[in-house]
Protein chains: 2
Amino acid sequence: MNAELIAVGTEMLLGQITNTNGAFLAKQLSELGIDSLNQQVVGDNPERLEAAIALAESRADMIFVLGGLGPTPDDLSKQTLAKHLGVALVEDAPAMAKLKAYAKQQHHEMTANNRLQAMYPAGATVLTNAVGLAVGAVLEQQGRTYVLLPGPPREFEPMVLNALVPLLLKSQGEGEVMVSRVLRFFGIGESQVVTELADLIAAQTNPTLATYIKPYEVTLRLTAKAKSEQAATALLDPLERAVQARLGEFFYGYGDNNSLAAEVVRALAREKVAVTAAESLTAGAFQAALADIPGVSAWFKGGFVTYANRTKAKFLQLDQSAIDRAGAVSEYTAKAMAEGALKQASADVAISFTGVAGPGPSDGIEAGTVWIGLAAKGQPAVAALHHFPGSRAAVRGRAVKAGLFTLLRFLQATEKQG
Amino acid sequence: MNAELIAVGTEMLLGQITNTNGAFLAKQLSELGIDSLNQQVVGDNPERLEAAIALAESRADMIFVLGGLGPTPDDLSKQTLAKHLGVALVEDAPAMAKLKAYAKQQHHEMTANNRLQAMYPAGATVLTNAVGLAVGAVLEQQGRTYVLLPGPPREFEPMVLNALVPLLLKSQGEGEVMVSRVLRFFGIGESQVVTELADLIAAQTNPTLATYIKPYEVTLRLTAKAKSEQAATALLDPLERAVQARLGEFFYGYGDNNSLAAEVVRALAREKVAVTAAESLTAGAFQAALADIPGVSAWFKGGFVTYANRTKAKFLQLDQSAIDRAGAVSEYTAKAMAEGALKQASADVAISFTGVAGPGPSDGIEAGTVWIGLAAKGQPAVAALHHFPGSRAAVRGRAVKAGLFTLLRFLQATEKQG
């Protein structure tokens, strides 16, 4: 199955609105195993819309027209498609009843344009609109499927999820299922992932592999098609084992809706570990990332932003002259910060950050140089040196994720020992 | 002038990312009077990209290829366009120097794919990338203009604004210049801005007005065309005065590359005021936002993340029983946190945050309820109650910006008195 999406609306050509519907529908289709190789955007112009439909017919067997079903004179998608296919528009009785009730409630007369919202191309299956007034439609003709969907996302998204997807699933019938597994990695770039997996990527047919760049991390999506979910999973497992054998040291979790912070908070809860932090260059961003996760309050009570040596000494009860001697960006200071925070916050583990965010060097230390310290109750503090590339924002963002990764690996090691 | 935008990326066809670049560029082009009648999206596939370019050539005289300039093997836009036009790829020396410096900072070897990012089709004008490594390009051939732009929005948007638009303006010739002025607002939604300025927006010809939604704020771009910069500015001034008369209470600064945090840090420096913070629900995000700005270290030495009542009392030397009685989310606690932070950090002004980020209520207080406190040396502490809409992330994000806005207005008032 090969789909083409045509989004209709002059507002998109003028950049007044973003085509979010295209991404939303494409994602649903790809999960159904329906590929799309092309998308188009055209304005509210019947000639250009018809040309777009004709172009789509030359290369796709499912054609989705997004938008242009409303009551204004420039909403022409339904009429254009019906004319192109040589079918009449007919009335959907429930939708027309809804329109009439709406007009009555608003004390408005219905216009001919209003009535058009309740009409659909003869022979089509109506997609009901739970939120608005314009119905959608799915029409089969000469081996092709044509789908009309409304433009406003708050009408579009529920219609796709609740009316269109169930219909497509049913029509796939006997069909195959598609199962995806997303692996998340930190500490390795996309180009290095691609290099490490080059032979697997080159050989891919079923399952397939695809990398995605996320902020300072990389995800890998493995997708298998098979007769059953079980059969698809059986295809994914050996591929994942091959990937993990090469990249396991960078792997931290599964799923599109996941993050290093979420994995850390789950591990804190499993191990019943209370965490704190003392942050210099990241200045609170690590603690803010932890607090993105609901439920963190059981394992995170607070911490410190110690930007200057003076506040490092004062807030964490450290010897300022020792810090001044070692330098703010040093192994000594990273360890001392973690130990001080651990004690002051009465926590089980503390993470510390000290480094040069940039732009430019500081005290002769180049931008991107970051020490991350970790102190845990009853263990000697440790610290690791990192060199992060990029802008000030990138150095700080990478440092936060490296701190989360450091903490996650510590918690996982604790788990194994326990 | 008739433009066609081709966004390249399999991620868009899979619905994993939304084509925001298309809307961003279309808006800029429409401000320049350049129409676009069609947009396309294609995957990372050289044959389909070349077909898309050929199709665009049949109906447009400016062809923009968005994305596919990165270092991975599926980044093929540059190579595909160069092949299609029969030109070689040549090296941009400054971009190559930047690549080498980046690789050195990261302690990594450069690959051939990395090098490609610094190359461009022979004969093109290079568009420098202020944020990332891949250069863009503008090439004229047989009466058509071909433009290559990078995919990541944080690279794409500055390249469009700072490199592409000035070049297009220059090539529009006839000595007309276009001058834009960006006004930034916090505390008002886009729809309210549009309502307040409805008559100005309806009447716009030259200058024009356009609103843009940024994270938890709105910007307004006024653009005038005239024979000289001075003449354009003379057109902008009265329009800005009309806007300020209506929306001045929400205005905080000028420019695309500006932020509440940057305005705050400039005001701290002007007034020589040292700031600190005590954060509960924002958990360090306010301090991290301040520290985004280079040079902040002169005016920000550190602060506190006091997520639990116990840490509020301990770190800020407050009476925990009084906090427990008043409740963590209360005017009393917000003021006490600001006063405690001010004293403990020996600062001139302190901001505090306490509230319910959600999802869902906490201790009977609904999500979005946030107290923001402010304490300054020699003045009684104040606190204001906010109700922020949206998700946990939105509530925390809005709280951070509201804290910055609160601090900015305080510093501006101090300035006036001074």
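Here are three short exercises, each with a worked solution, on a predicted model.

Local features here need pLDDT of at least 70 and side-chain atom pairs count only at pLDDT 80 or more, while totals for chains, interfaces and linings use all residues. Residues are numbered from 1 along each chain as its sequence is written, chains are lettered from A in the order in which they are written, and side-chain values use heavy atoms, with hydrogens and water left out.

**Exercise 1. Describe how domain 2 and domain 3 of chain A meet.**

Step 1: find the parts. Domain 2 of chain A covers 177-254 and domain 3 covers 260-417; such bounds come from an automatic or database domain assignment. Their centres, taken over C-alpha atoms, are 31 Å apart.

Step 2: count the residues. Domain 2 of chain A and domain 3 of chain A put in 11 residues each, where contact means heavy atoms within 4.5 Å.

Step 3: look at the area. Together the two domains bury about 880 Å², with 61% of it on carbon and sulfur atoms. Buried area is the accessible area (1.4 Å probe) that two parts lose on being put together, summed over both. On the domain 2 side, Phe186(A), Tyr216(A) and Tyr252(A) supply 74% of the area buried against domain 3.

**Exercise 2. Find the salt bridge across this interface.**

Step 1: apply the rule. A salt bridge is a side-chain nitrogen of Lys or Arg within 4 Å of a carboxyl oxygen of Asp or Glu. It finds one between domain 2 and domain 3 of chain A.

Step 2: check the pair. Glu217(A) bridges to Lys401(A), and their closest N and O atoms are 2.6 Å apart.

**Exercise 3. Are the partners in these two salt bridges buried or partly exposed: Glu415(A) with Arg270(A), and Glu240(B) with Arg181(B)?**

Step 1: recall the cut-offs. Buried means under 20% relative accessible area, exposed over 50%, and partly exposed in between (1.4 Å probe, protein chains only).

Step 2: take chain A. Glu415(A) and Arg270(A) meet at 2.5 Å, N to O. Glu415(A) sits in helix 16 and Arg270(A) in helix 11, so the pair ties together parts 145 residues apart in sequence. Helices are DSSP runs (H or I, at least four residues) and strands likewise (E, at least two), numbered from the N terminus. Glu415(A), at 28%, is partly exposed, and Arg270(A), at 45%, is partly exposed too.

Step 3: take chain B. Glu240(B) and Arg181(B) meet at 2.7 Å, N to O. Glu240(B) belongs to helix 10 and Arg181(B) to strand 9, 59 residues apart. Glu240(B) is buried at 9%, and Arg181(B) is buried at 16%.
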